[in-house]
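The following exercises concern salt bridges, surface and overall fold. Each task is followed by a worked solution.

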Amino acid sequence: MTLELATAQGQTLTDSGIETSPLAIRGLTVSYGQKPAVFSVDMTVQPGAMTAIIGPNGAGKSTLLKAALGIVKPLSGQVQVFGQPLEQQRARIAYVPQRASIDWDFPTRVIDVVLMGLYRELGLLRRIRGGHRKRAMECLARVGMQDFAKRQIGQLSGGQQQRVFLARALAQAADIYLLDEPFAGVDAATEKAIISVLKSLRAEGKTVVVVHHDLATVADYFDNVFLINTRKIAEGPVAEAFTADTLQAAYGGRLATAQVDQLARALG
Amino acid sequence: MTGAEFVPLSLTPLLIGIFAAVACALPGNFLVLRRQALIGDAISHVVLPGIVVAFLITGTIATLPMMLGAAGAAILAVILIEAIRRLGRIEPGAAMGVVFTTMFAAGVLLLEQSDTSSVHLDVEHALYGNLESLIWLDATGWASLLDPQALGGLPPELPRMAVTLLAVLLFTLVLWRPLKLSTFDEGFARTMGIHTPALGLALVIVAAVAAVAAFDAVGSIIVIAMFICPPAAARMMTDRLETQVGWSVLFAVIAAVSGYVLAGYGPLWLGARDAVSAAGMIATMSGVILALAALFGPCRSRTGAPQQG
């Protein structure tokens, strides 16, 4: 499996949808060491919709997202945001990392974390003023965390921490929101709060992309799915791309019995 | 003590001690939070062979060759650490431990084997520095601070350490937001357009500059202590980074002043005749402050720490 092959398999950036898509990925290959984590993947995110990235553990879901954001360096491939290179469009992207990737012992308060969403706007030295704090508090209120503003972040439950991260993304006032496993290990109330915020973002015309692991809620929450297992398996509206066949192709023998049962119920 | 005694004998060593302590404590805050505190330790050890080699080549202990030697040794150490980490596939802490102990040992060996008797360069100097000897003999009292001729006789370590502190301070203030963000959440910092690998390298370089400058004036014991003790003690006083850095500066100053005074007078109070090493006592005081913060600080529990298991 050579690099040339990976590049050759990627399409050029002239095909349909690329100019208007909030996030278009072409021929993306990412490798940690010898084995590719993501191989020659194309993705065209639909504007104003909620898209779930789905696949088994280790299928490259988070890696795909991180490469799209420039956090990990791909071996090959291109990423375009609203038809332009990523670097020029960073201000239009908001990101919610995996909660487990953070040291929650860090000495900072909830309100300070939300204010980090404004750092781009504030630059290096501009003072944080009342107006900035007010906006940060409004973002906290949207996720129901306004009463926790002065808490140290380590004192929060997992679900509360996740909501604070979502509030920080809201403070970024972006056009596309990328979330990495926002529902992992959170309580039911938090899951409801997050999905309602995401749906309100969609109602405002924003684009939402979520790395998701719970197959049972896919049809309820999302408009589109993107199935991946190192390579792209399927992409499209839930009704077309989220089928028994595509799931079989993505998960193969790894789909546990419990998950199959869950799915049978979800798909009716 | 009158100004006539204090200014020539104690003012300059005190100021140099304070500047060195604060210059190391500031980047130490970020190194401790990034779990990289050992880097300060590593740097202060690896510069020794660099300084000895620079002396053997040039035959003098002039500042520039010493600094170049120290910088060369630090770069060699970084390369060795990376090589061992990759070839041996081990964690960076272990690679650092191997490299800096080996290089320090090589430095001590070189020092013992070479003829350095003619100059002030020996193992003791490397460890404890020569804080007490950095006196200002041209001064006659407080009025000397306004006397250009007397100021010309200041020990060169003082302006050098002051400039280093200023540079560290500027770095910390100007890059405060990127430093804070990339220390807390590196992935998010990348998406904000911050080049986190370059920033991490810049932090290590700033720490290295502070370490080399302080090493020259006060020895490696203070450097090691000041990178870790004041920031670690400060972390237990507050849950805000801004406040933590403030505490760490205060602790560094307290350690420098109390250590210097205790080293000079403590033994006399206890009935002994000689003073003890100021650098050693400053490091000891920073350890005492850390112990007190660990026992009584208000923010000691690690609520948000990842579960071990």
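How many helices and strands make up the secondary structure of chain B?

The model is a predicted one, in which local features need pLDDT of at least 70 and side-chain atom pairs count only at pLDDT 80 or more, while totals for chains, interfaces and linings use all residues. Residues are numbered from 1 along each chain as its sequence is written, chains are lettered from A and ligands numbered from 1 in the order in which they are written, and side-chain values use heavy atoms, with hydrogens and water left out.

**Exercise 1. Describe the fold of chain B.**

Step 1. Chain B has 13 helices and zero strands; helices (H or I, at least four residues) and strands (E, at least two) are DSSP runs, numbered from the N terminus.

Step 2. The C-alpha atoms of chain B fill a box of roughly 60 × 45 × 40 Å along the principal axes. The radius of gyration, taken over C-alpha atoms, is compared with a globule rule of 2.2 Å times the number of residues to the power 0.38. For 309 residues, a compact globule would have a value near 19 Å, and the 20 Å of chain B agrees with this.

Step 3. Of the 309 residues of chain B, 51% count as buried. Buried means under 20% relative accessible area, exposed over 50%, and partly exposed in between (1.4 Å probe, protein chains only).

Step 4. Among contacts (heavy atoms within 4.5 Å) in chain B with a separation of 6 or more, 71% are between residues 24 or more positions apart.

**Exercise 2. Analyse the salt bridge of A:Asp175 with A:Arg92.**

Step 1. A salt bridge requires a side-chain nitrogen of Lys or Arg within 4 Å of a carboxyl oxygen of Asp or Glu. The whole structure contains 16 salt bridges over all chains.

Step 2. In the pair A:Asp175 and A:Arg92, the closest N and O atoms are 2.8 Å apart. The pair links distant parts of the chain, 83 residues apart: A:Asp175 is in the loop between α6 (158-171) and β7 (176-180), and A:Arg92 is in the loop between β5 (84-85) and β6 (93-96).

Step 3. A:Asp175 is partly exposed at 26% relative accessibility, and A:Arg92 is partly exposed at 29%.

**Exercise 3. Identify the chains joined by the salt bridge of B:Arg235 and A:Asp105, and classify both residues.**

Step 1. The closest N and O atoms of B:Arg235 and A:Asp105 are 3.6 Å apart. The pair crosses between chains, from helix α11 (residues 220-235) of chain B to the loop between β6 and α3 (110-116) of chain A.

Step 2. B:Arg235 is buried at 13% relative accessibility, and A:Asp105 is buried at 11%.

**Exercise 4. Place the salt bridge of B:Glu242 and B:Lys180 in its network.**

Step 1. The closest N and O atoms of B:Glu242 and B:Lys180 are 3.0 Å apart. B:Glu242 lies in helix α12 (residues 241-269) and B:Lys180 in helix α8 (residues 176-184), so the pair ties together parts 62 residues apart in sequence.

Step 2. B:Glu242 is partly exposed at 31% relative accessibility, whereas B:Lys180 is buried at 2%.

Step 3. Salt bridges with shared partners join A:Arg109, A:Asp112, B:Lys180, B:Arg240 and B:Glu242 into one network.
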